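Student: I would like a close look at one part of this protein. Please take me through it in order, and then work outward.

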Amino acid sequence: MKSRSIIIALFTLSYITATATIRPIKLTCEYLENPMTVDIRHPRLSWINIADKNENDQWQTAWQIQVASSIQSLIQGKADLWDSGKTNGNTSNIIPYIGKALQSGQDCYWRVRVWDKNGKASAWSNTANWHMGLLDQSDWKAQWIGAPWDEEDATVRSKNKNDKPAPLMRKRFGINKSVKKAHIYVSGLGYFELYMNGKKIGDDVLVPNQTDYTHRPDIERKRVRIDNKFKGYRVLYLCYDVKPYLHKGNNAIGCLLGCGFFNSFNSADIIIPYGSPRMIAQMEIEYNDGTKETICSDTSWEVKKSFIVSNGIYTGEHADGTLIDHNWCNSTENWLQAVERKTPDGQLEAQMGYSDRVNKEMKPLSIQKINGNKWLVDFGEEITGWIHLKKMNGKPGQKIDIHYIYGTNNPLPYKKSDVLSVNQNVSSQGTNSYTLNGSKDEDYHARFTWFVFSKAIISGWEGELKPDQITAEDIHTILPQTAHFACSDTLINKIQKIWCRSLLDNTHGGLFSDCPHRERIGYTGDGQVECETVMYNYDSRPVYTKWMRDILLAQNPITGYVPNAAPWESGAGGGPEWGAAMIIIPYTFYQMYHDTGILNSNYKGMTELMKYFHNWVDEDGIMLHNYWDWNNPMAQWLNLGEWCAPTSVLPRKALIHTYYYWLCARDISKIAAAIGKDEDAKQYEEIAEHTRKAFHKRFYDHNLHTYGEAGSNIFALDMGIDNKNQLADVLNTLKDELKRNNGHLNTGIFGTKLFFEVLTRYGLNEEAYEAITKTDFPSFGNWIRQGATTTWEQWDGGASHNHPMFGGGLTWLYRCLAGVDIDFIKNGDRHFVIKPCPPKNVSWAEYSNETPYGKIGIRWEKTIGGGYKLQIIVPVGCTATVIPPGKDGAVNTRQLKSGNYEFLSSPK
C-alpha cells in the first residue's frame with residue numbers, strides 16, 4: 001500500500017510539473033456566466049487566462065473546448081455535442097460553437113483547457129453551462145392570456161380608464177411521476193413575477209427587460225412626432241429551472257402581472273402605452289421514464305384580482321393586505337377564467353442579458369419622528385428601488401403611506417415643525433402605500449415600479465418605527481463593476497463615486513436612461529456620450545448588445561432615421577447627435593471589448609444612418625439637420641445640438657451637427673476596415689476628411705482666431721487643425737477663454753465629453769485638472785458641495801438631480817490621470833498604452849479593469865526625489881507600451897509583455 005501511494009504521488013507530481021503555467025477561468029457564453037436561456041444556434045464562448053504567480057511573458061498557443069449534453073458525459077470526457085480538439089491560436093474571446101446542431105430546450109455543459117507558450121496543457125477548467133431557449137417561433141404552443149376585467153387596449157385608451165388591480169394568473173396541474181428536468185419559458189407584459197407552489201421563482205425583479213413590444217397607434221400624434229415606421233418589434237422571455245419547486249401530487253403555477261411600460265400612463269404624454277397586461281408561459285417537463293409533458297398558458301388558466309390594487313411605472317403602486325390570498329394555490333373563491341389576448345407584433349426572443357435585481361439592502365442612517373404618526377427616514381444616498389417594510393403590526397385597514405424624497409432644485413417637502421402632504425415632484429414617480437390586514441409581522445415592498453429616493457416619510461405608522469423594520473432596496477439591472485479607480489484627490493474620488501451611483505440608478509430594463517424618475521427613457525444621445533465611461537467601469541457587453549438591437553429595430557427602414565430614444569417614446573427630444581449612437585456605441589464597444597459581432601450586426605443600419613445624415617449636408621460639406629413640420633409644434637425637439645451648457649450660449653447647431661457627421665464618418669470608416677469592407681472604409685474616410693476641411697473653412701473666424709463660444713474650439717481641436725499658426729492661435733484663444741471663465745469649463749454634454757482630454761492632449765493638463773476640481777459654478781464639485789450623491793442634469797442645479805450624461809468627460813480620469821488607454825482599434829491587437837499625466841497636486845493614482853483578456857492595471861505614485869514609482873499589470877497574451885510621466889517619458893518608454901511589473905522612473 002505504501003509503494004502504491006508513492007507511485008500515485010510521483011504521478012501527481014509529474015502531472016503538476018507538466019501542467020501549463022496559465023489556466024482558463026471565468027467561462028462565459030454570450031458574455032454571461034451560465035446563462036439560463038440562449039436562443040442563437042451558434043453561441044459564442046469565452047474565457048480569461050491567468051498565469052501562475054511571478055510568471056511573466058506568457059500567452060496561450062492553443063485551446064480545446066468540449067461540450068456535452070450532460071455534466072456526467074463531460075466529466076467522463078464524452079463530448080457528444082462538440083470537441084474542438086487541440087486548436088492552435090491565442091483566441092479566447094467569443095469563439096462560436098460549431099458542434100452538433102443544438103435543439104430547443106437543450107442543456108449544454110462545457111469546459112476548456114489551454115496550452116501555454118511552452119506547449120504545456122493546463123488542467124480542464126471548471127464546468128460551465130448554458131440552456132437553449134425556444135429556437136423557432138413554431139416551438140411556442142402557448143397562448144397570450146389576460147384578465148377579463150381588462151380590455152384589450154391600454155387603460156388610457158379603454159372605455160374604463162380607472163386603475164385596475166394586478167392580475168394573478170394560476171394553473172393547477174398534477175404530477176404522478178419522478179421528474180428528470182423541468183423548465184418554464186415565460187414572459188409577462190409589462191412586468192411579471194412567477195411563482196410555483198407559493199414560492200417566488202428567481203431573484204430578478206421588473207422583468208422582462210424593456211423593448212418595443214408591438215405597434216402603437218398614437219406615435220404620429222403625440223408630442224415629439226416621428227413616422228410610425230420601425231424595423232421591428234420584439235418581446236423578451238425568460239427561462240427558469242423549476243424542477244426543485246415541483247413535487248408529486250397537486251402543483252400550481254402563479255404569475256402576477258404588472259403594467260410596466262406596456263400599460264403605462266404619464267400625464268405629460270412622454271410615453272405611449274401598448275395594451276393591457278398579458279402573459280405567455282410554456283413549461284416543458286421531462287420525466288425519468290422518458291416521457292414528456294408540456295403545460296401551456298391558455299384559457300384553461302384561472303385569474304383573480306391580486307392585492308396590488310393599482311400600479312404604474314410613473315404613477316406608483318398601492319397594495320391592500322386585506323386582499324392577499326395566502327392559499328392561492330388551492331383556494332376556490334373569486335377565480336375567473338382567463339381570456340385570450342392578442343399576440344404582440346414583437347417576435348419572442350430570449351432575454352440574453354441581466355435583469356433588474358435587488359443589489360443591496362441599505363439600513364437607515366437615521367429615523368426621526370416628525371409629528372404624530374409620521375417618520376422621516378434618511379438612507380444617505382440617492383438610489384432607485386423601493387422601501388421594504390417589515391414586522392408591521394397594526395389594525396386591519398390601517399394604511400401606511402410611503403413618501404419618497406429625491407434630490408431636486410426645490411426644497412424638501414417638509415419643515416421640522418410640520419410635514420407637507422405633497423412632494424413637489426411626486427408626479428414624476430407616483431405614490432406608494434400598503435393597507436394592513438391585521439396579521440402578525442406583515443411584510444411589504446413594491447413589485448412593479450421603482451422609486452428614486454435618499455429619504456422617505458412613512459405616514460400612518462403607529463408606535464415606534466425601528467431600524468429593523470425598514471430597509472431601502474437598491475434595484476437596477478445587474479452591471480458587474482470590472483474596474484477600480486482612485487487617486488490622492490478626495491474630490492475626484494467623490495466625482496467618480498457620484499457618477500457611478502447615477503449610472504446605476506439609470507440602468508433598468510437592460511438599457512441606460514436619462515433620469516430614473518421624470519422620464520425614464522433610453523435617450524440615445526445620453527447613451528452615446530457616456531458609453532465610453534460606462535465601459536471603462538463596467539462589463540456592459542450584455543446591456544449594450546441588447547440596447548443596440550433596440551436602437552436598430554427603432555430605425556426607420558425607409559429613411560434610415562434613428563430616433564432620439566430606443567425603445568421610442570414620444571417625450572424624447574434630440575437631434576443627429578442622438579441618432580449617432582447607432583455608430584458611436586458599436587465603435588466604442590469594439591474599442592473596449594475587441595468584438596466585431598456588434599459591428600457586423602449593426603453595420604447595415606450604420607450605412608443607412610449615414611445616408612440619412614447626407615441628406616442634410618449642403619454643397620460645402622456642412623450638415624445642418626433642420627427638420628421642420630409646421631403641423632408639429634414639438635418639431636424643435638428633433639433639431640437639438642449641444643445640450644445643457646452652463647449658460648444660454650450654445651455652439652452653432654451646424655457646427656455640432658457637422659462635427660458629429662465627421663465623427664460618424666471617421667468611426668464607420670474604421671468599423672468597415674475592421675470587418676473587411678475595405679472599399680467602404682476608403683469611401684467613409686474620404687467623407688470624414690472632406691467634412692473636416694469643410695468644418696474648418698466654414699466655422700473658423702480668422703480675425704477673432706476662434707470657432708465660437710461654449711466649447712466650439714474644443715470640437716475643432718478634437719478634429720485636428722492642420723495649420724500650425726492657426727492651431728497656435730486657437731490654443732491661445734482657448735487659454736484666454738479659460739481665464740475669462742476663471743478656469744471653468746463652459747460646455748454642454750457633448751463638449752464636456754471632449755473637454756478634459758482635449759486640454760491634456762494639447763499640453764493643458766494642469767488646466768484640465770483645475771477645471772475638474774472646481775467647487776463653484778459650473779463644476780462637479782459645486783454639486784458635491786451642495787450635498788449631491790448623484791450627478792445632475794444642469795450645471796446650475798436646475799431640473800433633474802440624477803442624470804449620468806456629464807460623466808462622458810470622466811474618461812480623463814482613467815486615460816489621462818491614471819494613464820490607461822484601452823483601444824484595440826488604435827493600439828492594435830491585445831495591446832495597451834499606459835501614459836499617466838499626473839497633475840502637480842495629485843500624488844498617486846490607480847486604475848485597473850478586467851478586459852476580455854484579463855486585468856490591465858497601473859498604480860503610480862510620486863517619490864520624494866521627484867520621480868515616480870510605477871506598478872503595472874498586463875494580462876496574459878497581451879502587451880503594453882508604458883510611457884512614464886515626465887519630460888523624458890518618451891525616452892524611457894518600455895515595452896512590456898504579460899505579467900506584473902514594478903519600476904522607478906527617475907526625474908531628469
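Student: How many of the residues of α7 are buried, and is the helix largely enclosed or not?

Tutor: This is a predicted model, so read every value as computed from it. Start with the helix itself. Of the 13 residues of α7, 13 are buried, so the helix is largely enclosed by the rest of the structure. Buried here means under 20% relative accessible area.

Now check its length. Helix α7 covers residues 581-593. At 1.5 Å a residue, its 13 residues should span 18 Å, and the end C-alpha atoms lie 17 Å apart, which agrees.

Next, the exit from the helix. H594 follows α7 and has a positive phi, near 60 degrees. That is a positive value in a residue other than glycine. H594 sits in the loop between α7 and α8. At 16% relative accessibility, H594 also counts as buried.

Another residue shows a similar backbone feature. E30 is not a glycine, yet its phi is positive, about 50 degrees. E30 belongs to the loop between β1 and β2. Its relative accessibility is 8%, so E30 counts as buried.

Those two strands belong to an open sheet. Three strands build it, in the order β1-β2-β6, with antiparallel pairing. β1 (22-29) and β6 (95-96) are at the edges with a single partner strand each, so one side of each has no neighbour in the sheet. Strand β2, residues 44-51, pairs with β6 over 2 bridges in the antiparallel sense. In that pairing, R44 stands opposite P96 of β6.

Back to α7 and the space around it. The largest pocket holds about 1,100 Å³ of space. It is lined by 43 residues, and the closest to its centre are R666, D718, R761, R815 and K826. α7 is among the elements that give two or more residues to this lining, and others include α4 (524-535), α10 (678-699) and α16 (811-818). The biggest contribution is from α9, with 9 residues. By class, the lining of the largest pocket has 20 nonpolar, 7 polar and 16 charged residues.

The second largest pocket has about 670 Å³ of space. Of its 34 lining residues, I40, R234, M352, T545 and R549 are the closest to its centre. Elements giving two or more residues to this lining are β15 (234-241), β24 (347-350), α5 (541-554) and α8. The largest share, 7 residues, is from α5. This lining divides into 14 nonpolar, 11 polar and 9 charged residues.

α8 also meets a closed space. There are 9 cavities of 30 Å³ or more. The largest cavity contains about 60 Å³. Its lining includes Y561, N564, P576, L609, Y612, F613 and H625. α6 (576-579) and α8 (597-614) each supply at least two residues of that lining. α8 gives the most, with 3 residues. The lining of this cavity has 7 nonpolar, 4 polar and no charged residues.

The stretch before α6 has its own backbone feature. The peptide bond from A566 to P567 is cis, with omega near -5 degrees. P567 is in the loop between α5 and α6. Another cis bond runs from F777 to P778, with omega near -10 degrees. P778 is in the loop between α14 (765-772) and α15 (780-785).

Finally, follow β15 out of the second largest pocket. β15 pairs with β11 in the antiparallel sense over 4 bridges. There, Y185 stands opposite C239 of β15. β11 spans residues 179-189, and 9 of its 11 residues are buried, so the strand is largely enclosed by the rest of the structure. β11 is also joined to β17 (residues 278-287) by 10 bridges, again running antiparallel. L189 has R278 as its bridge partner in β17.

In short, α7 is largely enclosed, it is followed by the positive-phi residue H594, and it contributes to the lining of the largest pocket.

Technical notes
Residues numbered from 1 in each chain as written. Predicted model: local features only at pLDDT ≥ 70, side-chain atom pairs only at ≥ 80, totals over all residues. Heavy atoms only, no water. 1 Å grid on protein atoms, 1.4 Å probe; cavity = no way out; pocket = protein on both sides within 12 Å on 5 of 7 lines; lining within 4 Å. Points joined across faces, edges and corners; volume = space filled by probe spheres on them. Nonpolar A, V, L, I, M, F, W, Y, C, P; charged D, E, K, R; others polar. Pairing = 2+ DSSP bridges. Expected span 1.5 Å × (residues − 1). Buried < 20%, exposed > 50% of the residue type's maximum accessible area, 1.4 Å probe, protein only.
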